[in-house]
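Trainee: Please take one part of this structure and go through it closely, and then follow its surroundings as far as they lead.

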Amino acid sequence: MKALSPRAAIGLFLIVVLAWGVNWSVTKQLVQLVPPLWSSAIRSWIALIGLAVILGLSNNLVIPQRRDVPVILSVALLHMTLFSILVATGLRFLPASKGIVLGYTTPLWAAIAAPLLGKDTLTAPKLAGALLGLIGLAVILNPSSIDWTNAGILLGAGMVILAAISWAANIIYIRAHRWIASPLQLLLWQVLVATAVLSTLAITIDGPPQVEWSWRLVSLFLYSGLIGTALAYWAMSMVNKSISALTTSLGTTGAPLVGIASAAILLGEPIDISLAVAAGLIVTGIGLATLGDRLLRGQATARG
């Protein structure tokens, strides 16, 4: 499929940011009605069907080569499975607005871990961004922002932070992988593996799903599976082919802001000072870390 025009790509990217941001409030509602494992598995089945249709119509269905299997497993297990389970479980205890801010610390963990693993160089902007992000993390986790006497809230926060770290590990691996097929062509296989693992875990741990279906629950699953997952993944793959990686990396920092606003509107969650300050620090930190990373890559390219 050809690259999109800049205007179409920006429009599609805005849809992705909105879809991802709102999806945290939708997930918060889903896990109050369905256990986290089954919530993640059912959503993944819906996304799998949606992506099969989208990629089939766009002639992006391929049989992956053996050298792409590691990246399929990395994305499927670290992001689509582990990240999804930890977030879904964490949001049973944690407000969606705080969850999305903690969940989007992923670029900060990647900026910190990559140099320690010898996969990147720590530049001054990346260090400043990481420090700002960690200060923001301290602000959102301070006792005046979350109740430290509530073990459930602490557990939820810890799970979402672990989810962000698992996504960061996946990002570090993806950067080092030499792709044979395109990320878009491998997307269906990644979701297929994740769906199989999630379904196996759900049936093994929770048994057959005990779900009281309603039109509200169906609409939540359809949004999360089709819009928040299938459409968003496909759209992001198209956007990445059409606008710069720096633009998309910085643009995704809008998702936490959308998530906070949607949690306030859809769930009635308050926007307290700690949340606002933490979000500002973390988003700024991500922006600095991203700019530092792109500056380093640009210098390396210029040197050949």
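Mentor: Ile-49 belongs to helix 2, which covers residues 36-57; helices here are DSSP runs of H or I with at least four residues, strands are runs of E with at least two, and both are numbered from the N terminus. The model is predicted, so local features need pLDDT of at least 70 and side-chain atom pairs count only at pLDDT 80 or more, while totals for chains, interfaces and linings use all residues. Residues are numbered from 1 along each chain as its sequence is written, and side-chain values use heavy atoms, with hydrogens and water left out.

Ile-49 counts as exposed because its relative accessibility is 54%, where exposed means over 50% relative accessible area, buried under 20%, and partly exposed in between, with a 1.4 Å probe and protein chains only. Together with Val-53 and Leu-57, Ile-49 makes a nonpolar surface patch of about 330 Å². Such patches take residues with over 30% relative accessible area and no salt bridge, joining nonpolar side chains (Val, Leu, Ile, Met, Phe, Trp, Tyr) within 5 Å and like charges within 9 Å; the areas come from the Shrake-Rupley method with a 1.4 Å probe, and for residues only the protein chains shown count as cover. In the loop between helix 2 and helix 3 sits Asn-59, which is exposed because its relative accessibility is 69%, and whose phi is near 55 degrees, a positive value in a residue other than glycine.

The picture turns round in helix 4, residues 96-103, where eight of eight residues are buried, among them Lys-98, Val-101 and Leu-102. In soluble globular proteins, nonpolar side chains tend to be buried together. Val-101 and Leu-102 are also among the residues with the most contacts inside the largest nonpolar core, which has 68 residues and also counts Trp-24, Leu-51, Met-80, Leu-187 and Trp-234 among those best connected. The largest share of this core, 10 residues, is contributed by helix 7. A nonpolar core is a set of buried Ala, Val, Leu, Ile, Met, Phe, Trp, Tyr and Cys residues joined through side-chain atoms within 4.5 Å. Apart from this core lies another, of 17 residues, including Leu-37, Trp-38, Leu-217 and Tyr-223. Beyond its neighbours within four places in sequence, Val-101 is in contact with Ile-140, Ile-260, Leu-275, Ala-279 and Ile-282, contact meaning heavy atoms within 4.5 Å.

Lys-98 is the charged side of the same helix's story, being buried because its relative accessibility is 7%. Lys-98 forms a salt bridge with Asp-272, their closest N and O atoms lying 3.3 Å apart, and a search of the whole structure finds one such bridge, defined as a side-chain nitrogen of Lys or Arg within 4 Å of a carboxyl oxygen of Asp or Glu. The pair joins helix 4 to the loop between helix 11 (254-266) and helix 12 (273-303), 174 residues apart along the chain. Asp-272 counts as partly exposed because its relative accessibility is 25%.

Helix 12 also holds Ser-274, which is buried because its relative accessibility is 15%. Not counting residues up to four places away in sequence, Ser-274 touches Val-139, Asn-142, Ser-144 and Ser-145. Of these, Asn-142 lies in the loop between helix 6 (124-140) and helix 7 (151-176), and under a like exclusion Asn-142 is in contact with Trp-148 as well as Ser-274.

Aromatic rings add a further set of links, with four aromatic pairs in the structure; rings of Phe, Tyr and Trp (its six-membered ring) pair if their centres lie within 6.5 Å, and planes under 30 degrees apart count as stacked, over 60 as edge-to-face and the rest as tilted. The rings of Trp-24 and Tyr-104 have centres 6.4 Å apart and planes at 50 degrees, so this pair is tilted. Trp-24 stands in helix 1 (residues 6-33) and Tyr-104 in the loop between helix 4 and helix 5 (106-116), 80 residues apart. The rings of Phe-83 and Trp-167 have centres 5.0 Å apart and planes at 65 degrees, so this pair is edge-to-face, and it connects helix 3 (residues 69-90) with helix 7, 84 residues apart. These residues, Trp-24, Phe-83, Tyr-104 and Trp-167, form one aromatic cluster.
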